[in-house]
Amino acid sequence: MLKHHKFSVVFLFILCVHLVSCNKKNTAVRAKTYIGGEIINPNSNYLVLSKDTIFKDTIFLDENNRFLYQFDTIHEGIYTIRHRPESQIILLEKGDSILLRLNTLEFDETLVFTGDGAAKNNFLIDMFLQNENEKVGLRRKSFTLPPELFKIQQDSLLKQRRKRFEKFVNKEGDLSLLAKSILTASYTYDFYSRFELYASENIRKEKRNKAYVTSYPSGFFSYRNGIQLEAKELQSLFAYRRFLKNYIDNLLNSSKAKNVINNQAEKKIYELDFIDSLITNRDTKENIFRSRTGNYLLQSKNQKESDKIVQHYITKSKNATFRKEITELSEAILNLSTGNMIPEHEIIDKNRDTLLLSSLFKAPHTILYFWSIQDKPHFTRIHRVVKTLSETYNQIDFIGLNIDTEKQKDWLKTIKRNNFNPDKEYKFINPEEAIKNLVVYYKNKAILLDQQGKILIPNANLFSVSFEEKLMELYPDTVTETK
């Protein structure tokens with residue numbers, strides 16, 4: 001049973017932490033498990049709690065942006081807390097009383113756990129941040145090394161990480177087997193991914209140049225003998241999920257049976273069947289099925305092949321929720337096909353008046369693009385590109401559409417602070433529905449429409465050279481004048 005509380009919690013939560021920490025070694029007497037905290041600059045008044053992609057509860061913030069959540073009984077393991085657009089995993093075990101504090105403006109850098117059970121979660125954050133920092137130099141430096149030197153380098157780094165973990169375990173003293181297993185996986189599977197990514201780089205080289213053959217030293221892939229394809233407790237661990245993706249990609253790319261198939265839909269069908277035979281854990285299988293089928297649909301330009309993939313996916317998946325998501329995604333992509341009318345949506349303008357999306361189409365052509373307050377580098381860059389394009393193609397209306405679920409005031413403040421043109425900025429009243437209907441699943445998406453709202457290009461990349469070439473075809477005289 002899950003219990004939810006909505007009130008000012010600082011004193012109560014500190015009291016809970018104090019009481020349980022008085023008997024820290026004796027977890028048997030700690031029947032209750034708590035998680036609470038404070039969100040600075042929240043994006044909404046709630047968080048969503050889930051475990052292994054299964055929704056558990058909505059946790060509301062009080063008037064001070066704080067929360068407290070109590071578990072009477074708990075399924076120990078990794079939980080996910082989402083505060084749109086960010087999410088964070090938390091390792092919870094019976095008797096934990098964890099307090100978190102974060103600033104949404106610098107999510108990863110400001111997230112800190114305190115209380116009983118905090119140390120293991122801070123270790124997870126440290127491993128994630130260190131892995132991400134080291135990843136920057138992989139392609140630029142490490143992936144250029146010969147296999148022998150790459151293995152020596154990464155084995156040395158992994159050895160250092162293990163020593164750090166052992167020091168942590170000795171300091172804590174009372175970590176459970178579950179916690180040790182998850183914390184170990186948080187760094188080992190990241191290193192396994194590095195070997196898989198290194199191998200995938202060489203697979204690409206070999207496909208481009210038949211004379212290029214990679215010779216790996218003995219033991220280069222020895223870690224594969226100890227990987228856990230059925231580790232249910234690791235399903236929400238990012239390092240584990242990333243490894244599985246890279247590992248499966250390499251198995252598929254090395255498959256002679258797949259490489260003789262020319263049709264893209266048939267390749268995807270082979271891929272789903274291969275995953276079905278490789279992995280028996282249903283949750284793992286379902287997550288991979290959904291991810292790979294969804295990515296295929298977003299990239300496909302052939303509706304018949306997409307329909308074929310969806311039908312094959314439905315025969316493989318037993319998850320009704322996922323099947324519904326994939327079916328709806330396929331339908332949304334079909335509705336957004338070239339020649340169709342753009343789906344109607346209610347939007348808000350700078351005066352907070354409500355109007356219809358279709359009322360904006362007054363110029364010969366309109367380009368819709370999308371942005372969020374939560375990604376400043378992206379919204380800064382996309383508006384800079386739009387400013388340049390709109391000066392060249394002044395017959396086109398460039399309309400910015402904000403996709404945040406809350407914060408109308410912050411949206412208007414952001415427009416004013418960054419000197420965006422308020423007459424060309426709007427916000428969806430129902431952004432979640434708009435994201436689904438308009439298939440806004442990557443940042444740089446743009447939609448080109450004619451004056452009637454008919455779709456000319458449904459899935460353009462606003463930053464791509466090929467998209468501007470399309471605009472040049474529409475307005476060749478403008479380009480000539482600019483030159």
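Here are some notes on a predicted model, for someone opening it for the first time.

1. Start with the inside. The largest nonpolar core has 78 residues, and the members that touch the most others in it are Y189, I342, L368, F370, L401 and I447. Helix α5, which covers residues 177-208, gives this core its largest share, 11 residues. There is also a second core, separate from that one, with 25 residues; F398, I457, F463 and L471 are among them.

2. F370 is a good residue to click on. Skipping its neighbours within four places in sequence, F370 is in contact with H378, I382, L401, I403, F428, L438, V440, K443, K445 and I447. Two of the names in that list, L401 and I447, also appear with F370 among the core residues that touch the most other members.

3. Next, the sheet with 7 strands. This sheet is open, its pairing is mixed, and the strand order reads β11-β10-β14-β13-β12-β15-β16. What stands at the edges? Those places go to β11 (354-356) and β16 (455-461); each has a single partner strand, so one side of each is left without a neighbour in the sheet. On average, neighbouring strands here are turned by 35° against each other, ignoring direction.

4. Staying with that sheet, look at the β11 end. Strand β10 (residues 346-348) pairs with β11 in the antiparallel sense, over 3 bridges. To find your place, look for I348, which stands opposite T354 in β11.

5. A helix goes with this sheet too. Helix α13, residues 408-417, lies across β10, β12 (365-371), β13 (396-402) and β14 (425-428). Against β14, α13 runs at about 160°.

6. The other sheet to look at is an open one of 4 strands, ordered β4-β3-β6-β7 with antiparallel pairing. At its edges are β4 (54-60) and β7, each with a single partner strand, so each has one side left without a neighbour in the sheet. From one strand to the next, the twist averages 25°. Within this sheet, β3 (residues 46-51) and β6 (residues 77-83) run antiparallel and are joined by 3 bridges. V48 is a handy marker, as V48 stands opposite R82 in β6.

7. On to charges. Side chains of opposite charge can pair when their charged atoms come close. How many salt bridges does the model have? The count comes to 30. Take D96 and K120: the closest N and O atoms of this salt bridge are 2.8 Å apart. D96 sits in the loop between β7 (86-92) and β8 (97-103), while K120 belongs to helix α3 (residues 118-140), so the pair ties together parts that are 24 residues apart in sequence. Both ends of this pair, D96 and K120, are buried.

8. Another salt bridge joins the side chains of D273 and K316, at 3.0 Å from N to O. D273 lies in helix α8 (residues 264-278) and K316 in helix α10 (residues 303-316), so this pair ties together parts 43 residues apart in sequence. Are these two buried or exposed? D273 is partly exposed, because its relative accessible area is 30%, whereas K316 counts as buried because its relative accessibility is 18%; the cut-off for buried is under 20%.

9. A third example is E325 with R290, whose side chains meet in a salt bridge at 2.9 Å, N to O. Here E325 is in helix α11 (residues 320-335) and R290 in helix α9 (residues 282-299), so parts 35 residues apart in sequence are tied together. Both residues count as partly exposed: E325 has a relative accessibility of 37%, and R290 has a relative accessible area of 26%.

10. Salt bridges also link up into a network. The residues in it are E132, E134, K135, R161, D190, R194 and R242.

11. Last, a polar residue on the inside. N250 is found in helix α6, residues 238-253, and is buried, with a relative accessible area of 3%. What does the side chain of N250 reach? It reaches the backbone oxygen of E196, at 2.7 Å. Not counting residues up to four places away in sequence, N250 touches E196, A199, S200, I203 and R224.

Terms used: Residues are numbered from 1 along each chain as its sequence is written. This is a predicted model: local features need pLDDT of at least 70, side-chain atom pairs count only at pLDDT 80 or more; totals for chains, interfaces and linings use all residues. Side-chain values use heavy atoms; hydrogens and water are left out. A nonpolar core is a set of buried Ala, Val, Leu, Ile, Met, Phe, Trp, Tyr and Cys residues joined through side-chain atoms within 4.5 Å. Buried means under 20% relative accessible area, exposed over 50%, partly exposed in between (1.4 Å probe, protein chains only). Helices (H or I, at least four residues) and strands (E, at least two) are DSSP runs, numbered from the N terminus. Contact means heavy atoms within 4.5 Å. A salt bridge is a side-chain nitrogen of Lys or Arg within 4 Å of a carboxyl oxygen of Asp or Glu. A polar contact is a pair of N or O atoms within 3.5 Å; within protein, one must be able to donate a hydrogen and the other to accept it, and residues adjacent in sequence count only if both atoms are side-chain atoms. Two strands pair if DSSP finds at least two bridges between them. Axes are lines fitted to C-alpha atoms, for helices over the stretch in contact, and angles run from 0 to 180 degrees between N-to-C directions.
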